[in-house]
Every structure is written in C-alpha cells, then in structure tokens.
Amino acid sequence: MRVLVLGGYGNFGARICRALAADASIELLVGGRDATRASAFAAELNRSHGGQASGVAVDWQSSHFSQALRIHGVELLIHTAGPFQGQNYAVAKACAQAGVHYIDLADGRRFVCDFAQAMQVPFAAANRVAISGASTVPALSSAVVDFLCLGWQRIDAIDMCIAPAQTAPRGVATLEAVLSYCGVPVQIWRKGQWQSEIGWAHPQRVEFQRLKARLGAVCDIPDLELFPTHYQVQGRMVFRAALEVGLSQRAFAVLAWLRQRGWLKNPSSLAGLLNAGAKLFDPLGSALGGMVVRVAGLNADGARTKRAWHIAADNDHGPEIPCMAAILLARRLAAGEPMEVGARACMGLHALSEFTPEFAKWGMVTDVVEEG
C-alpha cells in the first residue's frame, strides 16, 4: 500500500515514518511543503531502516491537492499537520475525492466530534475508510477504558490525565493547540450534567504510580464529549494535563486568568515564544512522562469498584504514544484487513493489547491498580 504521511518530517509525522519505513507491505511517501526536507528525511530513513521511502512536495491547502494524491498514487494518507483546532476538513475531502483512505492524529474537540457527520457520506460513496483522532485521545484512552471496565454494569466516573516529560520535544503546533482553549470555558460532564470549567485554570493535584504527583488542569479534548454518551457515564468525565514543572503549570493558569479578563486575546500567539522559553526549565524537570486513566462504577458483580491504568515513558519517549494508533491502523489496512467504510472517530477500534508491543519497544511500563 502506498502511504503518504502528511507532515512527514514533523514532530509526530517523522515518528510515524520511522515506524512504517521498513514495513514490507508499505511504500512510504514523506509529504510536506518543503521538497528538500522531505527528500532528505526519506533518504535518511532508507539508510537507517533499509526501506524504499520517497519524499514528495505537497500542499494540502492547494485547490489541486486531490489531483496531487492521484498523481502520486496514494492509497492511504496519514494527516499529522496540526494544529487541528480550528482546521477544516479540506484534507479529508480531498482524500474522499481521490479515493484514498484517511487517518489523522487530531485531538481538537470539534474536529473529531463532528468528523463522522461531516465526512460519512463522501467516504461511504468512495468505499474508503476515514478515521479521526487516531492518537492518545480518543484511540488509546478508549482502549484503556474498555479494558478497565470490561463487563461492568455501570460507569460512574472517568478521570484522565496526561503528564508530559519536561524535556520531551514539544513543537510549536502542539503548543498552539493546547493554548487555543487556555482561559476559555470548557464543557465538562459533571454530576450527570454539562458544566463549564476554564481551560488550564485551577490546577489540582494528580497522583501517578511511577511519577511524582503533579498539578493538573482541565484541557479540552474529544473524549469530554464522546465518552459520556458512548459509555453512558453517570457522573463525571474529566481530562487534565499536568506539566512536570509546577511553575510552568501555574504560568498557564496565569495566562488563563489574563484571557478571562480580556487582557490576552490570543494565547496561541505566544506558542513560539513559550516553546523556546520552555527549555530554560529543563534543568528543573526530567525525561519521564506518563498518563493515568481512572474509572469508577459497578463491576460485573454489581460491586462498587475503582481501577486505574498508568503508563510511564522515560528517556523522552512520551511523544511516541500519540503516534501508535495511526501506526497500528496503517499496518492493518496495508495488510488487507477489512474495515467498515465511512467516517468515524477512533474510538473502540483498538484493543489495549495491540499497544503492548509498541509500549515494550520504547521501554514503557504500565500498571493496573485496584484503588477500591
């Protein structure tokens, strides 16, 4: 299968390319606006992985993008060119028009939650698969909830927190994404109804199995909207992000406060500055990051139960996690595994066991803790 990774030499795209480069069932195309960078990275992959990757110059914002996909013979496109907050479905539409399977790493709430309704008809007509949110959320997060709550009678609460390592590569696009909801109301399912909380404001203590406790603040992700309905959550669905250096976490809270009062209209405009400045705090942090998913409810026997799944990623390998779901899906499609055509969010498409070899490859450690 000829696979084009859009943004293929970027922070996440490069990781996906490295994972797919040596796959005998995949002919890899590294795609981006800069032909020189794309070709240079493809050549590097061929030297290090023994693959047959090629670099191609493509511009997804061009009116001729669909035609370019046909010219290059693309069969599957993996879209990593974020941020997805505020981005439209131009890439997906071009894929449907060209008869190309589509996967993205989107974590924008509206982008992922509205994807199926917007793109189901064109992809069903094209007899192609389109999957949005093939990333940590909601792909991995839903696999974890499915594992923790297998056979349960009821889910009362889901609490999640991602805790990136201070020294892990961030990227301006990632910071633009997380700053887009800094200081704005985020709709949270709490006490069985929708309530508003301010993004990145009011950090709270979050405990981890193999990481020190951190302060975590509410962030806006697709799971906040998808999970309450999908899992019929009775009480609470909350997601937080916890930066390793407490001073950084409090700085985001200050930005949220400034935006609330109208003194800072667009925190995303500071992404470049903050990305560069964050390195100053690296001596205060480490290369260890992780994630926790906590659930509470009634188990198969009707007993009240609380469980948690933790993952710890050392040596700055944390950014590999958002790439895993897309890698697994690409391999399944390239191997000829039949999938239901049409568009959907990447929820319930993976078993947690599918991620286990990927975790092991990067030395990541997981724990399941019975909390009560």
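Where is the place of Pro83? In this predicted model, Pro83 sits in the loop that runs between β4 (76-79) and α4. The peptide bond joining Gly82 to Pro83 is cis, with omega at about 0 degrees. A second cis bond turns up from Val137 to Pro138, where omega is near -5 degrees. Pro138, for its part, belongs to a helix, α7 (residues 136-148). One more backbone detail deserves a mention: Trp200 is not a glycine, yet its phi is positive, at about 70 degrees. Trp200 is found in the loop between β9 (193-198) and β10.

Next come the helix pairs. Two packed helices are described by the angle between their axes and the distance between those axes. Starting from the N-terminal end, helix α1 (residues 13-20) packs on helix α2 (residues 35-49) at an angle of about 35 degrees, and their axes are 10 Å apart. The crossing of α1 and α2 is right-handed. On the α1 side, the residues involved are Ala14, Cys17 and Arg18, and these meet Phe41, Glu44, Leu45 and His49 of α2. Sorted by class, the contact of α1 with α2 comes out as four nonpolar residues, one polar and two charged.

Helix α4 (residues 90-98), which follows the loop that holds Pro83, pairs up with helix α6 (residues 115-126): the two axes come within 8 Å and cross at roughly 15 degrees. Since angles under 35 degrees count as roughly parallel, that makes α4 roughly parallel to α6. The α4 and α6 crossing is left-handed. Here α4 contributes Ala92, Lys93, Cys95 and Ala96, while α6 brings Phe115, Met119, Pro122, Phe123 and Ala126. Of the residues in the contact of α4 with α6, eight are nonpolar and one is charged, with no polar residue among them.

Further along the chain, helix α12 (residues 321-334) packs against helix α13 (residues 352-361) at an angle of about 120 degrees, again with the axes 10 Å apart. The pair α12 and α13 is therefore oblique. In handedness, the crossing of α12 and α13 is right-handed. Met324, Ala325, Leu328, Arg331 and Arg332 make the contact from α12, and Glu354, Phe355, Glu358, Phe359 and Lys361 make it from α13. The contact of α12 with α13 splits into five nonpolar and five charged residues, with no polar ones.

That leaves the empty spaces. The second largest pocket has a volume of about 320 Å³. Its lining consists of 18 residues, and those nearest the centre of the pocket are Asp159, Val206, Arg236, Arg240 and Arg294. Strands feature in this lining: β7 (154-163), β10 (204-206), β12 (236-241), β13 (289-298) and β14 (304-313) each supply at least two residues of the second largest pocket's lining. Nine of the lining residues of this pocket are charged, eight are nonpolar and one is polar.

As for enclosed space, the structure holds one cavity of 30 Å³ or more. The largest cavity contains about 40 Å³. Around the largest cavity stand Phe208, Gln209, Arg210, Leu211, Gly290, Met291, His310, Ile311, Ala312, Val365 and Asp367. Strands β13, β14 and β16 (365-370) each give at least two residues to the lining of the largest cavity. The largest share of that lining, three residues, comes from β14. By class, the lining of the largest cavity has six nonpolar, three polar and two charged residues. Strands β13 and β14 thus turn up in both settings, each supplying at least two residues to the lining of the second largest pocket and at least two to that of the largest cavity.

Notes
Residues numbered from 1 in each chain as written. Predicted model: local features only at pLDDT ≥ 70, side-chain atom pairs only at ≥ 80, totals over all residues. Heavy atoms only, no water. Axes fitted to C-alpha atoms, helices over the stretch in contact; angles between N-to-C directions. Helix = DSSP H or I, 4+ residues; strand = E, 2+ residues; numbered from the N terminus. Parallel < 35°, antiparallel > 145°, perpendicular 65-115°, else oblique. Left-handed = near helix turned anticlockwise from the far one by under 90°. Contact = heavy atoms within 4.5 Å. Nonpolar A, V, L, I, M, F, W, Y, C, P; charged D, E, K, R; others polar. 1 Å grid on protein atoms, 1.4 Å probe; cavity = no way out; pocket = protein on both sides within 12 Å on 5 of 7 lines; lining within 4 Å. Points joined across faces, edges and corners; volume = space filled by probe spheres on them.
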